[in-house]
Amino acid sequence: MTNVIELHHPLAKHHLAILRSVQTTPTLFRNQVRLLSMLLAVRATEDLTLSTIEVQTPLAITRGGRLAQKIAIVPILRAGLGLVEPVLELLPSAEVWHLGMYRDETTAQPVEYYSKLPATDPAHVGFVLDPMLATGGSIRAAVSALKKWGVRDVRILSVIAAPEGIEAITSEHPDVTIYVGAIDQELNEHKFIVPGLGDAGDRIFNTSR
Ligand code: PRP
């Protein structure tokens with residue numbers, strides 16, 4: 001699968017193991033999401049277009065690069081919020097557009113409750129942020145929304161994914177690249193990723209019950 005890129009970096013494995021642990025507190029969990037988001041963002045931005053600029057250093061004039069494309073970061077509420085700040089640190093000129101979606105607990109289908117994506121003037125590159133890709137329903141809906149806006153280069157950043165969800169997205173959107181921290185074994189009967197890390201939204205916002 002050439003359009004699925006899984007992180008094999010030792011730092012990703014190290015920080016993911018901490019993220020997965022049931023003993024990890026919400027404070028540490030948020031920090032691990034932040035670190036993994038940065039590793040994902042570095043990988044997912046390797047081929048962004050640069051324009052050349054002149055820079056005056058204290059010693060000389062030299063050439064430098066400046067991001068040339070209009071970039072949008074699109075977190076899926078709630079859990080995607082955990083990825084926004086670290087990605088925005090690396091892409092400070094990006095626009096941020098929120099999509100509100102939750103997964104119905106009985107049907108596992110995404111339910112949209114917030115979307116303010118504009119109708120015109122699309123970004124050149126759109127990054128969909130969601131720490132979890134389970135059935136893929138939420139991210140599929142988000143990708144469709146970005147395409148409807150007119151974004152031609154859509155990339156997904158997800159910390160953990162199930163093979164079923166990856167398959168669902170690549171078959172519906174073969175032009176989209178998925179950057180993922182780890183592809184886990186499977187979904188269980190409740191459509192939770194196994195071994196996974198639990199519910200990322202609940203662990204980020206300390207609402208586990
Ligand atoms: C979780 C997760 C993804 C979605 C993944 O959100 O953050 O958005 O489910 O499942 P899918 O791939 O099967 O669609 P959840 O519904 O728990 O909402 P939350 O982010 O508000 O916690």
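Where in the chain is the place of Arg78? Arg78 sits in the loop between strand 4 and helix 3, the latter being residues 81-90. I start there because of the backbone: the peptide bond from Leu77 to Arg78 is cis, and omega is near -5°. Please keep in mind that this is a predicted model.

There is a second cis peptide bond to mention, between Val194 and Pro195, with omega about 0°. Pro195 is in the loop that runs between strand 13, residues 193-194, and helix 6.

One more backbone item. Asp121 is not a glycine, yet its phi is positive, at about 55°. Asp121 also belongs to a loop, in this case the one between strand 7, residues 110-115, and strand 8, residues 125-129.

Now the helix packing. Two packed helices are described by the angle between their axes and the distance between the axes. I have three pairs.

The pair of helix 1, residues 10-20, and helix 2, residues 26-44, has axes that come within 9 Å and cross at roughly 155°. Angles over 145 degrees count as roughly antiparallel, so helix 1 is roughly antiparallel to helix 2. The crossing of these two helices is left-handed. On the helix 1 side, the contact is made by Leu11, Ala12, His15, Leu16, Ile18 and Leu19. Helix 2 brings Leu28, Phe29, Gln32, Val33, Leu35, Leu36 and Leu39. Sorted by class, that contact has 11 nonpolar residues, 2 polar ones and no charged ones.

Helix 2 also packs on helix 3, at an angle of about 45° and with the axes 8 Å apart. That angle makes helix 2 oblique to helix 3. Here the crossing is right-handed. From helix 2, the residues involved are Val33, Arg34, Ser37, Met38, Ala41 and Val42. They meet Gly82, Leu83, Pro86, Val87, Glu89 and Leu90 of helix 3. The class count for this contact is 8 nonpolar, 2 polar and 2 charged. Val33 appears in the contact with helix 1 and again in the contact with helix 3.

That leaves helix 4 and helix 5, the latter being residues 163-172. They pack at about 25°, with 9 Å between their axes. Under 35 degrees counts as roughly parallel, so that is how helix 4 runs relative to helix 5. Their crossing is right-handed. Ile139, Arg140 and Ser144 of helix 4 make the contact with Ala168, Ile169 and Glu172 of helix 5. By class, these residues divide into 3 nonpolar, 1 polar and 2 charged.

Staying with helix 4, what does Ala145 touch, leaving out residues up to four places away in sequence? Its contacts are Leu99 and Leu117. Ala145 lies in helix 4. As a distance to compare with your own copy, the C-alpha atoms of Ala145 and Arg20 are 30 Å apart, with their positions 125 residues apart along the chain.

Last, the pocket. How much space lies in the largest pocket? About 890 Å³. Its lining comprises 32 residues, and the closest to the centre are Tyr102, Arg103, Met132, Phe192 and Asp199. Which elements supply at least two lining residues each? Among the strands they are strand 4 (71-77), strand 6 (99-103) and strand 9 (132-133). Helix 4 (137-149) and helix 6 (200-205) do so as well. In terms of class, the lining has 16 nonpolar, 8 polar and 8 charged residues.

To tie a few of these items together: helix 4 packs against helix 5 and also supplies residues to the pocket lining. Strand 4 contributes to that lining too, and the loop between strand 4 and helix 3 is the place of Arg78, where this talk began.

Definitions and conventions
Residues are numbered from 1 along each chain as its sequence is written. This is a predicted model: local features need pLDDT of at least 70, side-chain atom pairs count only at pLDDT 80 or more; totals for chains, interfaces and linings use all residues. Side-chain values use heavy atoms; hydrogens and water are left out. On a 1 Å grid over the protein atoms alone, a cavity is a set of points where a 1.4 Å probe fits but cannot get out, and a pocket is an open set with protein on both sides within 12 Å along at least five of seven lines; lining residues have an atom within 4 Å of a point. Grid points are joined across faces, edges and corners, and a volume is the space filled by probe spheres set on the points. Helices (H or I, at least four residues) and strands (E, at least two) are DSSP runs, numbered from the N terminus. Ala, Val, Leu, Ile, Met, Phe, Trp, Tyr, Cys and Pro count as nonpolar, Asp, Glu, Lys and Arg as charged, and the others, Gly among them, as polar. Axes are lines fitted to C-alpha atoms, for helices over the stretch in contact, and angles run from 0 to 180 degrees between N-to-C directions. Angles under 35 degrees count as roughly parallel, over 145 as roughly antiparallel, 65 to 115 as roughly perpendicular and the rest as oblique. A crossing is left-handed if the near helix is turned anticlockwise from the far one by less than a right angle, and right-handed if clockwise. Contact means heavy atoms within 4.5 Å.
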